[in-house]
Amino acid sequence: MQTLAVIREFVYTYPKTIAVVTVTGVGLFGVRKWMAGGVCHSKAQLDGKTVLITGGNTGIGKETAVDLARRGARVILACRDMDRANKAAEDVRKKSGNDNVIVKKLDLASLQSVRQLAKDVLASEERLDVLINNAGVMSCPKWQTEDGFEMQFGVNHLGHFLLTNCLLDLLKKSSPSRIVNVSSLAHEKGQIYFDDIHLEKDYNPWKSYRQSKLANVLFTRELANRLQGTGVTTYSLHPGVIRTELGRHFWPTVPLWKRVVYKPLVFLIKSPTEGAQTTIYCAVEESLQNESGLYYSDCAPKTAAPQGLDDEAAKKLWDLSASMVGLT
């Protein structure tokens with residue numbers, strides 16, 4: 001099981017909980033229930049609405065797709081691996097009872113692929129009510145995207161930045177509409193290295209991941225400012241510590257003894273269904289209609305880290321990102 005990365009985040013976030021559970025073993029199932037986090041209780045239906053989810057073929061993206069399809073939405077899974085995406089789409093159709101689930105090709109590590117998907121969507125879809133920027137990579141080696149960007153910043157931020165901007169007119173046309181950016185608690189230890197955005201001088205997988213997740217929060221904030229009065233609202237969120245494939249690049253590098261130590265803690269980690277709740281909440285909760293640019297965790301607003309509230313940095317990041325992806 002490739003989960004050490006999320007376990008590590010859990011250990012960092014809840015050290016006292018782990019100490020209590022490890023030493024006493026008291027209330028283990030109670031702690032597990034508490035760790036499951038918030039639940040989206042909205043009964044909102046999405047009949048006649050269209051949702052696009054990046055990376056919707058696995059993990060919380062797939063569970064989000066199942067929920068929104070059950071609500072009646074037309075769901076577009078935008079994925080890199082088409083074989084896995086088609087299998088996931090079939091599973092989503094079966095679980096939701098909704099056949100209106102389609103797959104489109106998207107490789108966020110390629111600006112050409114991002115532009116091609118946007119072109120396809122604009123040509124084939126009459127509306128887009130919810131865009132969920134869910135796909136991501138975590139703690140990978142020092143890789144580059146097709147366009148020469150550092151992989152985590154390129155996929156987690158720049159790819160979604162370009163995709164969102166390319167689809168803005170359709171989102172505005174479909175208003176009220178929403179843009180949901182899946183970030184992480186990791187943003188709290190992140191910073192934007194404007195003088196070395198690709199971390200060429202000092203690459204570290206976690207340093208890169210934290211930067212990209214902070215970028216998600218800042219992008220959401222600046223986007224909200226730019227979309228005031230359009231009927232398009234934006235949300236960023238921490239989904240929780242979840243059992244998904246996201247930690248696949250980190251797990252093989254971990255010594256065996258550490259894997260043995262961490263493995264029992266897997267019991268306390270959220271399932272993908274539990275981890276999808278805040279994404280779903282931001283996508284459908286009626287009370288959020290007039291809120292924009294905020295950060296959420298466990299289906300509730302949460303104050304982002306100070307560096308995630310820096311409007312000057314958000315504007316600077318926007319300008320840099322626009323220049324990097326070739327937006328005028």
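Here are some exercises on this structure, each with a worked solution; keep in mind that the model is predicted.

**Exercise 1. Getting your bearings**

Work out how many helices and strands the chain has, and what percentage of its residues count as buried.

*Solution.*
- Start with the secondary structure: it comes to twelve helices and eight strands.
- Next, look at burial. The chain has 328 residues, and 56% of them count as buried.
- Finally, check how far along the sequence the contacts reach. Take the contacts between residues at least 6 apart in sequence: 79% of these join residues at least 24 apart.

**Exercise 2. Helix 4 against helix 11**

Find out how helix 4 and helix 11 cross, and which residues make the contact.

*Solution.*
- Locate the two helices: helix 4 is residues 59-70 and helix 11 is residues 277-284.
- Their axes come within 9 Å and cross at roughly 45°. An angle like that makes helix 4 oblique to helix 11.
- As for the hand of the crossing, it's right-handed.
- Now pick out the residues. Helix 4 brings Ile 60, Thr 64, Asp 67 and Leu 68, and helix 11 brings Thr 279, Ile 280, Ala 283 and Val 284.
- Sort those residues by class and you get five nonpolar, two polar and one charged.

Now go on to helix 11 alone: how many of its residues are buried?

- Helix 11 is mostly covered, with eight of its eight residues buried.
- Among them are Gln 277, Tyr 281 and Cys 282.

**Exercise 3. A closer look at Leu 68**

Decide whether Leu 68 is buried or exposed, then list what it touches.

*Solution.*
- Leu 68 is found in helix 4.
- The cut-off for buried is under 20% relative accessible area. Leu 68 has 0% relative accessibility, so it counts as buried.
- Set aside the neighbours within four places in sequence. Leu 68 is then in contact with Leu 46, Val 51, Ala 73, Val 75, Ile 132, Ile 280, Ala 283 and Val 284.
- Try one of those partners, Leu 46. In sequence Leu 46 and Leu 68 are 22 residues apart, while their C-alpha atoms are 7.3 Å apart in space.

**Exercise 4. Ser 208**

Do the same job for Ser 208: where is it, and what does it contact?

*Solution.*
- You'll find Ser 208 in helix 8.
- With a relative accessible area of 0%, Ser 208 is buried.
- Leaving out neighbours within four places in sequence, the contacts of Ser 208 are Glu 150, Gln 152, Phe 153, Leu 199 and Tyr 203.

**Exercise 5. Helix 8 meets helix 12**

Work out how helix 8 and helix 12 are arranged, and what kinds of residues sit in their contact.

*Solution.*
- Helix 8 covers residues 205-226 and helix 12 covers residues 311-325.
- The two axes come within 9 Å and cross at roughly 90°. Helix 8 and helix 12 are therefore roughly perpendicular to each other.
- On the helix 8 side, the contact residues include Ala 215, Leu 218 and Phe 219; on the helix 12 side they include Ala 313, Leu 317 and Trp 318.
- By class, this contact has eight nonpolar, one polar and six charged residues.

**Exercise 6. Following the charges**

Say how many salt bridges the structure holds, and trace a few of them.

*Solution.*
- Recall the general idea: side chains of opposite charge can pair when their charged atoms come close.
- The structure holds 15 salt bridges.
- Begin with Lys 49 and Asp 129, whose closest N and O atoms are 4.0 Å apart. Lys 49 lies in the loop between helix 3 and strand 1, and Asp 129 in the loop between helix 6 and strand 4, so the pair ties together parts that are 80 residues apart in sequence.
- Compare exposure: Lys 49 is partly exposed at 29%, whereas Asp 129 is buried at 2%.
- Asp 129 also forms a salt bridge with Arg 127, the closest N and O atoms being 2.7 Å apart. Arg 127 is partly exposed, at 31%.
- Move on to Lys 270 and Asp 298, with closest N and O atoms 2.9 Å apart. This pair links distant parts of the chain, 28 residues apart.
- Here Lys 270 is buried at 4%, while Asp 298 is partly exposed at 33%.
- To finish, trace the network: salt bridges that share partners join Glu 222, Arg 226, Lys 315 and Asp 319.

Definitions and conventions
Residues numbered from 1 in each chain as written. Predicted model: local features only at pLDDT ≥ 70, side-chain atom pairs only at ≥ 80, totals over all residues. Heavy atoms only, no water. Axes fitted to C-alpha atoms, helices over the stretch in contact; angles between N-to-C directions. Helix = DSSP H or I, 4+ residues; strand = E, 2+ residues; numbered from the N terminus. Parallel < 35°, antiparallel > 145°, perpendicular 65-115°, else oblique. Contact = heavy atoms within 4.5 Å. Nonpolar A, V, L, I, M, F, W, Y, C, P; charged D, E, K, R; others polar. Salt bridge = Lys/Arg side-chain N within 4 Å of Asp/Glu carboxyl O. Buried < 20%, exposed > 50% of the residue type's maximum accessible area, 1.4 Å probe, protein only. Left-handed = near helix turned anticlockwise from the far one by under 90°.
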